[in-house]
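I have looked through the model you sent and set out my remarks below as numbered points. They concern internal space, packing and the cysteines.

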Amino acid sequence: MERNEVTRLAKANTFVARLLCKFLFSGSVKAYGVILTTFLDDFKTTHFILGCSFALQMSSCNISSPLVKFLRRFAEYKTLYMLGGMLAAAGYFCRAIFPMNGIWVLFIYSAITGIGFGLCNISSVVYMERAFRDSFPTAYSISLFAAYFGIAILPLLSEYLFKSFGIRVDMTVFGALCLILVPVGLILPSKELKSSDKAQQRCSEEHLPLTAEEFTRRNPNNNIASSSIMDQNCELSGYDRQRETVSTKLESTENLLEEKRLNHHLFSGHPDFLLVWAIGTMFGLTLSSWAIFLIPFGESAGLDSSTAVLMSLCGGIGGVLGDLYCICIFYKGLANILSGFALPSFLVFLSFIVTLISSEFPALALYSFISGFGIAVQGIASTSFTPSTLCDDHFEVAIVLSYFTGGIAAQLGSGLTGALIDITGSFSLAFGLLSVLNLFLSVVSLIWWIVRKNSKNSFSS
């Protein structure tokens with residue numbers, strides 16, 4: 001009984017830490033749209049530069065993933081989470097205290113805040129996967145409620161603070177909010193979370209090739225070299241929902257060579273992860289541009305700043321409903337490539353067509369709502385599908401790789417979108433190209449689903 005209570009407490013603490021991290025990170029990035037026009041005038045710079053500087057908070061959060069994996073050798077994820085809260089707060093406090101005499105200062109502060117959120121993000125994802133195991137997709141979907149509540153609420157808070165008290169108070173309040181991450185990190189489990197189910201910590205005989213010793217015992221007359229058999233040990237299909245362990249958990253530096261050997265099989269042993277990783281990376285191109293330029297897009301269409309923020313709020317509401325949709329399909333076992341990738345990507349494409357018909361607030365709000373729904377589903381699916389396409393030994397390196405390449409894509413996406421706006425002067429063209437990218441993702445996902453739907457190994461929730 002006591003063990004079960006501790007397990008429930010660990011799950012609850014991990015869940016709270018994840019909720020707060022996503023609420024602050026997603027909401028604060030979206031809130032940048034409120035002050036983007038002001039910075040554009042103050043620094044007399046371009047949308048390209050501002051897009052890159054604001055996206056740096058999102059991209060550095062993800063690009064810092066290898067740093068998190070390196071620091072993990074010296075500190076627990078719990079410690080890294082608290083350190084991340086300090087850095088995230090420090091970036092905002094620096095913006096409030098010190099004058100921003102140039103755009104390069106904004107780059108530095110955005111990077112500091114982003115790296116801080118990166119430490120919190122990776123730590124909370126790993127904790128959550130280990131705490132919830134097979135229910136991770138559902139738990140992760142529920143935790144994303146916080147992200148889209150942040151997208152809906154924090155831009156409104158930022159607009160009020162910015163207009164009423166100025167940029168310094170705005171940044172100070174956001175820094176204080178980020179500082180809450182530090183005491184929340186204290187409630188995370190001190191020990192590594194492990195599954196109590198032994199079946200989840202080793203590969204089943206159905207999917208795990210025999211070790212050299214076991215092969216020799218069962219086949220005494222076969223002289224196949226042990227090394228050849230050992231090289232097969234990581235060539236797992238990865239499609240079974242259990243995601244069992246390939247080998248003993250790598251806990252010391254003397255196992256680094258074994259870890260590198262495992263990493264070589266990340267894609268060759270798990271082909272479905274390749275699709276999830278590729279789509280998740282391309283999704284980063286859309287997310288950062290949508291989050292940063294959505295409010296200026298509304299203003300360029302003739303909306304005043306308050307109405308544009310309200311339009312952004314519709315995107316947050318759409319994200320919440322997208323989250324509910326993901327909870328349902330994962331809980332009911334209906335999640336697959338079609339429902340998780342192809343359908344929401346196509347909806348994002350269709351929603352943009354509405355803005356071509358009308359540039360009035362109802363049309364823009366509908367676009368914001370539908371695109372928010374689709375982007376939410378894409379983001380949740382790209383992470384929630386990951387454990388079901390992998391064995392346990394590859395999960396951490398897969399998450400690090402996914403966030404790293406997603407961060408690069410986010411930086412490129414916002415920079416290219418800003419450059420396109422500077423060159424053409426058209427927000428509609430920039431958002432139109434993002435919609436075409438989503439159409440491409442939808443087609444690729446649909447083709448993959450058709451190819452794999454009759455396959456025994458096709459993954460789902």
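The points that follow begin with the cavities and end with a single buried serine.

1. The model is a predicted one, and the remarks here should be read accordingly. The structure contains 5 cavities of 30 Å³ or more. The volume of the largest cavity is about 560 Å³.

2. The lining of this largest cavity is made up of 34 residues, among which Lys22, Phe283, Leu287, Gly379 and Tyr403 are the closest to its centre. Two or more lining residues come from each of the helices α1 (2-43), α2 (47-63), α6 (136-165), α12 (271-300), α15 (361-384) and α16 (392-424). Helix α12 supplies the largest share, 9 residues.

3. In chemical class, the lining of the largest cavity comprises 20 nonpolar, 12 polar and 2 charged residues.

4. The largest nonpolar core has 87 residues, and the members that touch the most others are Tyr81, Phe117, Tyr140, Leu181 and Phe431. To this core, α12 again gives the most, with 11 residues. In soluble globular proteins, nonpolar side chains tend to be buried together.

5. Tyr81 deserves a separate remark. Beyond four places in sequence, Tyr81 touches Ala17, Cys21, Leu119, Cys120, Ser123, Ser124, Leu181, Val184, Gly185 and Leu188. Leu181, also named among the members of the core with the most contacts, is therefore one of the direct partners of Tyr81, given that contact means heavy atoms within 4.5 Å.

6. Both Cys21 and Cys120 touch Tyr81; why, then, is Cys21 not bonded to Cys120? The closest cysteine sulfur to that of Cys21 belongs to Cys120 and lies 5.2 Å away, which is too far for a bond, because a disulfide requires sulfur atoms within 2.5 Å. Cys21 is buried, its relative accessible area being 1%. The count of disulfides for the structure is 0.

7. Cys326 is likewise in no disulfide, and the nearest cysteine sulfur, in Cys328, is 9.3 Å away. Cys326 is buried as well, at a relative accessible area of 0%.

8. Is Ser312, in helix α13, buried or exposed? With a relative accessibility of 0%, Ser312 counts as buried, since the limit for that class is under 20%. The helix that holds Ser312, α13, spans residues 305-331. Apart from neighbours within four places in sequence, the contacts of Ser312 are Lys30, Ile151, Leu294, Ile295 and Ser368.

Conventions. Residues numbered from 1 in each chain as written. Predicted model: local features only at pLDDT ≥ 70, side-chain atom pairs only at ≥ 80, totals over all residues. Heavy atoms only, no water. 1 Å grid on protein atoms, 1.4 Å probe; cavity = no way out; pocket = protein on both sides within 12 Å on 5 of 7 lines; lining within 4 Å. Points joined across faces, edges and corners; volume = space filled by probe spheres on them. Helix = DSSP H or I, 4+ residues; strand = E, 2+ residues; numbered from the N terminus. Nonpolar A, V, L, I, M, F, W, Y, C, P; charged D, E, K, R; others polar. Core = buried A, V, L, I, M, F, W, Y, C linked by side-chain atoms within 4.5 Å. Buried < 20%, exposed > 50% of the residue type's maximum accessible area, 1.4 Å probe, protein only.
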